[in-house]
Amino acid sequence: MKLNLAPLLLLVIASCAKPLVTNSDRGKFGYETWYYPSIPDSPNIDDIVKVNVALLPLPEPPKPATVNPKTFFDLRDSIPHTFLKVIGAKADSIPQIINAIQSDLSKVPTPRPVTLNIVGGKVFRNDVIDEFKVRLLISSVARYYYDKRLLHSNTRIGQLSTTIELIGDNFIIKTIDRLENDLELIDLGTLDRKNEVTFSSDLKGEVGAGTDISETNSNSNTNSQGGGSQNNISSSDLDGLNRVENTSSAENKGEEKTSEERKVDISKKAGVTAALKYENSSTINETLKLQYQRIKTSFSFSEKSLIVTQSSAPNRPISENVFVTLTLKANDRGSAQRDYLDAAQLFKSGSREINDLNNSGLQLVSLRYIPCDFDRIKLSTQAEGVIRSVKNQVRGRNSGEFDDKVIYLPFRTGVDSVDLPSSSLDGCTKLYSMKMVFKDSLGNQIPYEVRSAIHGDIENSELSIFHQDNVSDFREWFFKALKNPGQNLIWDSQILLLLQREGSTEKKNLTSRSIQDISDLTPFFQSLVSIELIPYFPDRGSNIIPFASGNR
């Protein structure tokens, strides 16, 4: 006999455990572009994923905390007792002990001043400024509504790598100082899973035939024969009665009983018994705490490129905004060397009263720096990665994601460029030239450039340059010095300051070793109208732009 196992297999399949919470059926959905008819029928990846790189200002550095020197009253534990013991043994009088208690026991650290080196009679600054910091924002925007196949709520960018390259040979990437949002704690709670499957099936079949015959016979015969007689005889007793009694009896009885029982059982039994039984019981009970810490954003860089990589986590997309701070270093093409006028003490200590040139410590200092008017820093950006798309589209739109039917879609965006204007960078150094405006005898205003030369070589004068740190002090100093030139502009130095009329070769001494020279120019100096500070652009000749001006 042949059994059909197909129903048994269907029964086994139907009895398996199924997820009912995470894979919840949400029904069918539609997609219409009534309100956005301009969505392309075949969108490209640049329509869906957009990665932008922008320049941000650097955060304000934290203000240094006020540090006071330690005194005797700041000592703790047994140190004051030891201090007094040591001082008492060395002091000759009580006032010395009092002075020791009132004195400072530590020094407050002060900012390290800029050091100057003199090489071959020329002064050089040790703080070479040829690098600066840049803070960039990397932001990503995903417009999944451009493609109806990406509208599942569990769709996200699985990985994103953004490549930033420096264009040109003026700068290189020296180091990455900070990558914000780089660590995160992934806490998915506790996963409890219990899966129990039990199935039992028992099938039996039996076929048979039989005959049962029974016969019983019983016979019983009974014969009985008997006889008797009675004779009466009279007599008298005491009462006077006569009684006669004579009894005689005879009996012949016979019985025959016959019983016969016959039972015939004819059984013919033939059959097949088929039994199929399947039992399966499986129970899975798991508990797992899903919590771990990971690096959310990583990077790799070389001298000319930076790659920032982001990875998503279960139920967590990548960061939409990533902040990275890097240090750019200028090479010979991105920096410049220039001499500028520096002064150790233009004003008297504790006041705005000026010192004369001989007491101001005026000197020429050579500086290597990054000009703030260099060409814009150009960046080339491109992104690539993978989109985690979910195939559960029309039905089975599950709310969890552990049983998603996932399709990974690699992509690469187009190349974009970013210009970083030099004016927005904090690492460049601004140098200035100075222009003084005087009135002539007719009342016309005549501008003069401040220039520097070596005594005896006036023809080879150069434009005097002032550093951004003290250019305002120099401007104030000249305003006050020109009121009394005979006292303030006498300078016993090899360096000579000149005034050269704009657009002409006419020159006048601004400083001199001779009092007579300065006295002759006093009427001219008294006609000063204003002093303007002009941003200095290397190798651009007379292309100057007024920056600040003021009247006396």
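These are my notebook entries on a predicted model of one protein chain.

**Entry 1: the whole chain**

I started with the chain as a whole. It has 552 residues, and 33% of them count as buried. I counted secondary structure next: the chain holds eight helices and 25 strands. Then I looked at contact range. Among contacts between residues at least 6 apart in sequence, 77% join residues at least 24 apart.

**Entry 2: the largest nonpolar core**

Which residues touch the most other members of the largest nonpolar core? I found Phe132, Leu136, Ile138, Leu328, Ile377 and Leu379, in a core of 39 residues. I then listed the elements that give this core two or more residues each. They are β1 (49–56), β4 (131–142), β5 (156–167), β6 (171–179), β12 (305–311), β13 (321–330), β16 (377–390) and β18 (416–420). Strand β13 gives the largest share, five residues.

I picked Leu136 for a closer look. I set aside its neighbours within four places in sequence. Leu136 is then in contact with Val53, Ala54, Leu55, Ile164, Val322, Phe323, Val324, Leu326, Leu379 and Leu420.

Another core lies apart from this one. It has 36 residues, including Leu482, Leu489, Phe525 and Ile531.

**Entry 3: a four-stranded open sheet**

I traced an open sheet of four strands. The order is β1-β4-β13-β6, and the pairing is antiparallel. Which strands sit at the edges? They are β1 and β6, each of which pairs on one side only. From one strand to the next, the twist averages 30°.

I checked the β6 to β13 pairing in detail. The two strands run antiparallel and are joined by seven bridges. For a register marker I noted Phe171, which stands opposite Ala330 in β13.

**Entry 4: β19 and its two partners**

I moved to strand β19, residues 431–439. Seven bridges join β19 to β25, and the two run antiparallel. Here Ser433 stands opposite Ile534 in β25. Strand β25 covers residues 528–535, and eight of its eight residues are buried.

β19 also pairs with β20, antiparallel, through five bridges. Met436 stands opposite Tyr448 in β20. The two strands form a hairpin with five residues between them. I looked at the turn and found Gly443 with a positive phi of about 90°.

**Entry 5: β20**

Is strand β20 enclosed or open to the outside? Seven of its ten residues, in the range 445–454, are buried, so β20 is largely enclosed by the rest of the structure.

I followed its other pairings. β20 and strand β23 (residues 495–501) pair in the antiparallel sense over seven bridges. Arg451 stands opposite Leu498 in β23. Strand β21 (residues 457–463) is joined to β20 by three bridges, again antiparallel. There the bridge partner of Ser452 is Glu462 in β21. β20 and β21 form a hairpin with two residues between them. In its turn, Gly456 has a positive phi of about 90°.

I kept one background point beside these pairings. Strands of a sheet pair through backbone hydrogen bonds, either parallel or antiparallel.

**Entry 6: Ala453**

I then took a single residue from β20, Ala453. Why does Ala453 count as buried? Its relative accessibility is 6%, and the cut-off for buried is under 20%.

I looked up its surroundings. Leaving out residues up to four places away in sequence, Ala453 touches Ile458, Ser461, Gln494, Ile495, Leu496 and Leu498. One of these, Leu496, I checked by distance. The C-alpha atoms of Ala453 and Leu496 are separated by 5.2 Å, though the two are 43 residues apart along the chain.

**Entry 7: the second largest pocket**

My last lookup was the second largest pocket. Its volume is about 380 Å³. The lining has 21 residues. Which of them lie nearest the centre? I found Asp339, Leu364, Ser452, Ile454 and Ile495.

I mapped the lining onto elements. β3 (122–125), β14 (336–342), β15 (363–369), β20 and β21 each supply at least two residues. The largest share, four residues, comes from β21.

I closed with a cross-reference. Ser452 lies among the residues nearest the centre of this pocket, and Ser452 is also the bridge partner of Glu462 in β21.

Key: Residues are numbered from 1 along each chain as its sequence is written. This is a predicted model: local features need pLDDT of at least 70, side-chain atom pairs count only at pLDDT 80 or more; totals for chains, interfaces and linings use all residues. Side-chain values use heavy atoms; hydrogens and water are left out. A nonpolar core is a set of buried Ala, Val, Leu, Ile, Met, Phe, Trp, Tyr and Cys residues joined through side-chain atoms within 4.5 Å. Buried means under 20% relative accessible area, exposed over 50%, partly exposed in between (1.4 Å probe, protein chains only). Contact means heavy atoms within 4.5 Å. Two strands pair if DSSP finds at least two bridges between them. Axes are lines fitted to C-alpha atoms, for helices over the stretch in contact, and angles run from 0 to 180 degrees between N-to-C directions. On a 1 Å grid over the protein atoms alone, a cavity is a set of points where a 1.4 Å probe fits but cannot get out, and a pocket is an open set with protein on both sides within 12 Å along at least five of seven lines; lining residues have an atom within 4 Å of a point. Grid points are joined across faces, edges and corners, and a volume is the space filled by probe spheres set on the points.
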